[in-house]
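Q: I have a structure open and would like to learn how to read it. Where do we start?

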Amino acid sequence: MNSRQSLKASLKHKDPGKIVVDFGSTAVTGMHVLAVENLRKYYALPLKPIKIVDPYQMLGEIETDLAEIIGIDVIGVLSRNNMFGVENKGYREFKTFWGQVVLIPEKLVTSVDKNGDLLVYPEGDISAAPCAKMPRSGYFFDSIIRQHPIDESRLNPEDNLEEFKLMGPEDIEHWKKTIDQIKESDKGIVTNLGGLALGDIALVPALFLKDPKGIRDISEWYMSTLIRQDYVHEVFRRQTEIALKNLEIFHQIAGDRIDVINICGTDFGTQDSLFCDPDTFDALYAPYYKLMNDWIHKNTTWKTFKHSCGAVEPLIRNFINAGFDILNPVQINAVGMEPGKLKEKYGDQILFWGGGVDTQKMLPFGKPENIREQVLRNCEIFGKNGGFVFNTVHNIQANVPVENIVAMINALHEINN
């Protein structure tokens with residue numbers, strides 16, 4: 001089997017004869033740009049400024065030469081604009097706080113504040129208030145909350161729908177060009193269409209809007225899912241109507257060329273509990289997710305990708321019932337998320353995309369031999385009879401020792417070669 005065939009087999013819960021590997025297909029399965037550069041140095045690959053594919057998290061592009069060494073089977077196609085509302089094109093060099101020279105989109109505008117922290121502006125418009133900040137000692141951006149004072153009597157769901165629109169000519173042209181570029185690839189294809197996530201706290205602050213209205217503070221949004229459910233229902237209902245129309249447009253462009261569509265990154269779990277109980281999920285989120293998933297399953301061959309960090313085992317059955325085919329990042333170090341338990345209970349009903357190695361403790365602080373052991377063990381558990389794509393638990397961060405990342409890669413080679 002080639003990479004795409006292997007992914008398709010695993011998605012059908014059939015043994016692909018190998019462990020399918022993803023790094024870089026989505027904004028939750030990538031590597032920090034410093035980790036990418038460290039790997040290029042380790043493998044003596046040509047060194048040049050690395051393109052930032054997600055400026056918010058400072059994720060780096062994994063080019064073909066490095067992807068071949070790692071053994072990556074999956075590639076992603078990204079939206080036209082990034083999290084800051086800036087088009088991903090016309091890259092220019094930029095020197096980071098940690099001294100690395102990278103490539104960022106030409107219209108990504110930054111400044112340095114009085115504390116020496118880096119500010120970035122929505123749509124590259126410096127006349128607007130900055131939307132995110134990277135501390136001088138940091139390696140990625142944090143959202144700046146720009147919520148206006150809330151007047152309960154004047155709350156209007158339209159304000160939280162400002163960013164959801166039907167695809168315009170520029171977006172359609174972008175997708176046509178992008179799909180055309182990858183149509184001959186033998187890799188599995190994941191698309192990140194955008195506009196499908198319900199209440200994703202990374203998106204609620206609307207870093208891409210110059211002056212976001214509505215409920216934009218993360219804590220206020222979480223409270224709204226309890227105390228303003230009628231408001232949230234209306235936002236989700238209208239958002240879903242637009243999403244279904246955009247899915248139809250995108251399907252006309254992509255057809256069956258893609259294999260997986262990334263629906264949402266809405267987090268429902270903490271390290272040891274839930275943000276949302278199963279009954280609330282079923283009442284508030286599931287009806288709208290089910291409409292999207294049902295449309296996709298009725299009209300396409302795509303599988304649907306659900307990201308949620310944390311101790312979400314009590315919600316996995318609900319995710320399945322809402323129509324999701326894939327769960328990521330499979331946070332194996334959270335309460336109730338033991339690999340053996342998850343595979344036995346849900347392994348024939350949902351694909352686990354991630355969970356290959358713990359990124360909180362093991363990958364950054366463990367020894368290479370311990371990393372090898374965890375990778376081999378988790379691949380044996382999750383990979384049985386398919387239904388698994390290897391990735392770490394979320395993105396690989398900046399200062400992970402390169403020898404630890406290499407130990408992970410070598411363990412994958414040990415399994416697959």
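Q: In E12, which residue is the bridge partner of Val 190?
A: The model is a predicted one. Two strands count as paired if at least two bridges link them. Here Val 190 has Val 260 in E12 as its bridge partner. The strands concerned are E11 (residues 188-191) and E12, which pair in the parallel sense over two bridges.

Q: In which sense do E12 and strand E13 pair, and over how many bridges?
A: E12 and strand E13 (residues 303-307) are parallel, with four bridges between them. One example is Ile 261, whose bridge partner in E13 is Thr 304.

Q: How many residues of strand E12 are buried?
A: A residue is called buried when its relative accessible area is under 20%. In strand E12 (residues 260-264), five of the five residues are buried, so the strand is largely enclosed by the rest of the structure.

Q: Which residues lie on each side of E11, and are they buried or exposed?
A: Gly 188 and Val 190 lie on one side, Ile 189 and Thr 191 on the other, and all are buried, so to read E11 is to find both faces covered. E11 also runs parallel to E4, joined to it by four bridges. In that pairing, Ile 75 has Ile 189 of E11 as its bridge partner.

Q: What is the order of the open sheet that contains E2 and E6?
A: The four strands of this open sheet follow the order E3-E2-E6-E5, and their pairing is mixed. Strand E3 (59-60) and strand E5 (91-95) are at the edges; each has a single partner strand, so one side of each lacks a neighbour in the sheet. Helix H2 (residues 33-42) packs on this sheet and touches E2, E3 and E6. The direction of H2 makes about 145 degrees with that of E2.

Q: How do strand E2 and strand E6 run, and how many bridges join them?
A: Strand E2 (residues 50-54) and strand E6 (residues 101-105) run parallel and are joined by two bridges. Within this pair, the partner of Ile 50 is Val 102 in E6.

Q: Which strands stand at the edges of the sheet with the order E7-E8-E9-E10?
A: That sheet is open, has four strands and is paired in the antiparallel sense. Strand E7 (110-112) and strand E10 (142-143) are the edge strands; each has a single partner strand, so one side of each is left without a neighbour in the sheet. Further in, strand E8 (residues 118-120) runs antiparallel to strand E9 (residues 132-134), with three bridges between them. Val 120, for instance, is paired with Ala 132 in E9.

Q: How is the packing of two helices described?
A: Packed helices are described by the angle between their axes and the distance between the axes. For helix H4 (residues 169-182) and helix H6 (residues 229-254), the axes come within 9 Å and cross at roughly 35 degrees. The crossing is right-handed.

Q: Which residues of H4 meet H6?
A: An α-helix has 3.6 residues a turn, so residues three or four places apart point the same way. From H4, the residues are Ile 172, Trp 175, Lys 176 and Ile 179, and they meet Ile 249, Phe 250, Ile 253 and Ala 254 of H6. By class, this contact has seven nonpolar residues, no polar ones and one charged.

Q: Is Asn 246 buried or exposed?
A: Asn 246, a residue of helix H6, counts as buried, with a relative accessibility of 11%. A polar atom of its side chain lies 2.9 Å from the backbone nitrogen of Met 167. Leaving aside neighbours within four places in sequence, Asn 246 is in contact with Lys 165, Leu 166, Met 167 and Leu 193.

Q: Which residue caps the N-terminal end of H1?
A: Asn 2 does, with a side-chain oxygen 3.1 Å from the backbone nitrogen of Arg 4. Helix H1 (residues 3-11) is mostly covered, with seven of its nine residues buried. Among them are Leu 7, Ala 9 and Leu 11. Just after H1 comes His 13, which takes a positive phi of about 60 degrees.

How values were computed: Residues numbered from 1 in each chain as written. Predicted model: local features only at pLDDT ≥ 70, side-chain atom pairs only at ≥ 80, totals over all residues. Heavy atoms only, no water. Buried < 20%, exposed > 50% of the residue type's maximum accessible area, 1.4 Å probe, protein only. Polar contact = N/O pair within 3.5 Å; in protein donor to acceptor, adjacent residues only side chain to side chain. Axes fitted to C-alpha atoms, helices over the stretch in contact; angles between N-to-C directions. Left-handed = near helix turned anticlockwise from the far one by under 90°. Contact = heavy atoms within 4.5 Å. Nonpolar A, V, L, I, M, F, W, Y, C, P; charged D, E, K, R; others polar.
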